[in-house]
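Student: Please take me through one chain of this complex, starting with how far the model can be trusted.

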Amino acid sequence: MGRRLTEIGVLAASLLLLAMPLTAHHSFGAEYDVNKPITLTGVITKVEWTNPHSHFYIDVMDAKGNVVNWKFEGYNPAVLYRIGWKKDLMLKPGDKITVFGWQARDGGNWAHSREITLSNGNKLFFGPPAGTGDGGNSPAVEVR
Amino acid sequence: MMRSFIANAVFVIALGALTVSAQSPTKSTLPRTPDGKPDLTGVWQGGSTQRGSWEEANRGVGVGGSGRDPAAAVALSSNDRPTGREGAPYQPWAAQKVLEAFNRRGIDDPTSQCLPAGLPRTVMLGLFPQQIVQTPTQIIMLYEYMNVFRVIPLNAKHPEDLIPSYTGNSVGRWEGDTLVVDVIGFNDKTWLAGTGTFHTDALHITERFTRVNKDQINYEVTMEDPNVLTKPWTLTSTLMLREGTRLEEYICAENNIDPDRYEKLLKEGVKFTR
């Protein structure tokens, strides 16, 4: 265990990434699985512009032709507005969108959204990258 | 020969520019208040080094990512340990506790209960703006994240009987061009800087805010807590000016479904720990 953590620490140290500390209010990494990326296209049925996180729901046609309603989580309204979202102009019920994100660990029709492609082709982030808030690549303390 | 001359000239000019930028800020470049102090008033973004408006500074990188690869799995959050930062100097038993929180992927984060993020985390996070309002006798700091505030009287003493609080009791003073803020009176319910970085109510924080030019405040924070740390823990960060940005409401309790979801994961035995 100790050795593995040391290796993770070395890996983290080698990844000098241009990233700014953000905060996610809670651990997306606990709820959603970075190994379950998904891209879905569907029609918006409902949007919740709420704190600490916004949510939207889309109807998606599955492989058997059944319509399945998916729920996606993302940033809170103030953060979304600051990066270009406009509640009265975008993401309205009936709009067709494509969303990229990561599915919930429990395997339900629930996911963490990252990037949304609007019907006009514009792309905007709706949520943070995978793993945000779960503690990152190495613990705050040295582990030997 | 000519090429060598040009190369040398370029080097000398570059060196000159470096020398100029390394000089301490002059009165002509640093915004100051009528009483001659550096003026920290403004809306700032923590943890960033990008100049410009909020939109300009966050467009290229996107909020919380590379902006080029939406699948980028690695982005720092305020509870990640930044690359290159020295390990937090916890006593062995306390380090073990920090590690346990890390292995639980931060589900014990007090902010997931919509509680204030505490210091210095609140100052160093980048997703939400913060505002400083400076007067000759007190400095007000407003934080959009969790909508918390600090009123910092200058040249004052801490009250003798403090009520333990999330953001502590702050008093400030000017040391030259640096605002030094002394904070005590914390409760033990926040994380310092990184998942699981707990502390006790003995926490004593010293912050140093130095505006080095129009766009940037250098932030240095030293945390002392003899109950859990082996020595003072110092971190540095930057605050970047975000002209045109306004602080907004953040009412976290409005629709906070996450604690229930964590309980559900635990109850159903869904594997999420490291």
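Student: What is the mean pLDDT of chain B?

Tutor: This is a predicted model, and the predictor gives the complex an ipTM of 0.83 and a pTM of 0.86. Within chain B, 81% of the residues reach a pLDDT of 70 or more. The mean pLDDT of chain B is 87.

Student: Over which residues of chain B is the pLDDT below 50?

Tutor: The stretch in question has zero contacts in the model beyond near neighbours in sequence. The pLDDT is below 50 over residues 1–23.

Student: How many helices and how many strands are there in chain B?

Tutor: From the N terminus, the order of elements in chain B is α-β-α-α-α-β-β-β-β-β-β-β-β-α. Reading off each kind gives five helices and nine strands.

Student: Which strands of chain B does strand 3 run antiparallel to?

Tutor: Strand 3 of chain B covers residues 138–143. Five bridges join it to strand 2, residues 130–134, with Gln134(B) opposite Ile139(B). Six bridges join strand 3 to strand 4, residues 148–153, with Tyr143(B) opposite Val148(B). The antiparallel partners are strand 2 and strand 4.

Student: Which residue takes a positive phi in the hairpin of strand 3 and strand 4 of chain B?

Tutor: Strand 2 and strand 3 of chain B form a hairpin with three residues between them. The hairpin of strand 3 and strand 4 has four residues between the strands. There, the residue with a positive phi, near 65°, is Met146(B).

Student: Which residues make up the covered face of strand 3 of chain B?

Tutor: In a regular strand, side chains alternate between the two faces of the sheet. In strand 3 of chain B, the uncovered face holds Gln138(B), Ile140(B) and Leu142(B). The covered face is Ile139(B), Met141(B) and Tyr143(B).

Student: Which element gives the most to the largest nonpolar core?

Tutor: The largest nonpolar core has 72 residues. Val141(A), Tyr90(B), Val98(B) and Tyr145(B) have the most contacts inside it. With six residues, the element that gives the most to this core is helix 3 of chain B, residues 92–103.

Student: Which residue of chain A is in contact with Tyr90(B)?

Tutor: Neighbours within four places in sequence are left aside here. On chain B, Tyr90(B) is then in contact with Ala95(B), Val98(B), Val228(B) and Leu229(B). On chain A, the contact is Val141(A).

Student: What percentage of the residues of chain B count as buried?

Tutor: A residue is buried if 20 or more other C-beta atoms lie within 10 Å of its own. Chain B has 274 residues, and the share that count as buried is 38%.

Note on methods. Residues numbered from 1 in each chain as written. Chains lettered and ligands numbered in written order. Predicted model: local features only at pLDDT ≥ 70, side-chain atom pairs only at ≥ 80, totals over all residues. Helix = DSSP H or I, 4+ residues; strand = E, 2+ residues; numbered from the N terminus. Buried ≥ 20, exposed ≤ 12 C-beta atoms within 10 Å, placed from the backbone. Pairing = 2+ DSSP bridges. pLDDT = per-residue confidence, 0-100. Contact = placed C-beta atoms within 7 Å. Core = buried A, V, L, I, M, F, W, Y, C linked by C-beta atoms within 7 Å.
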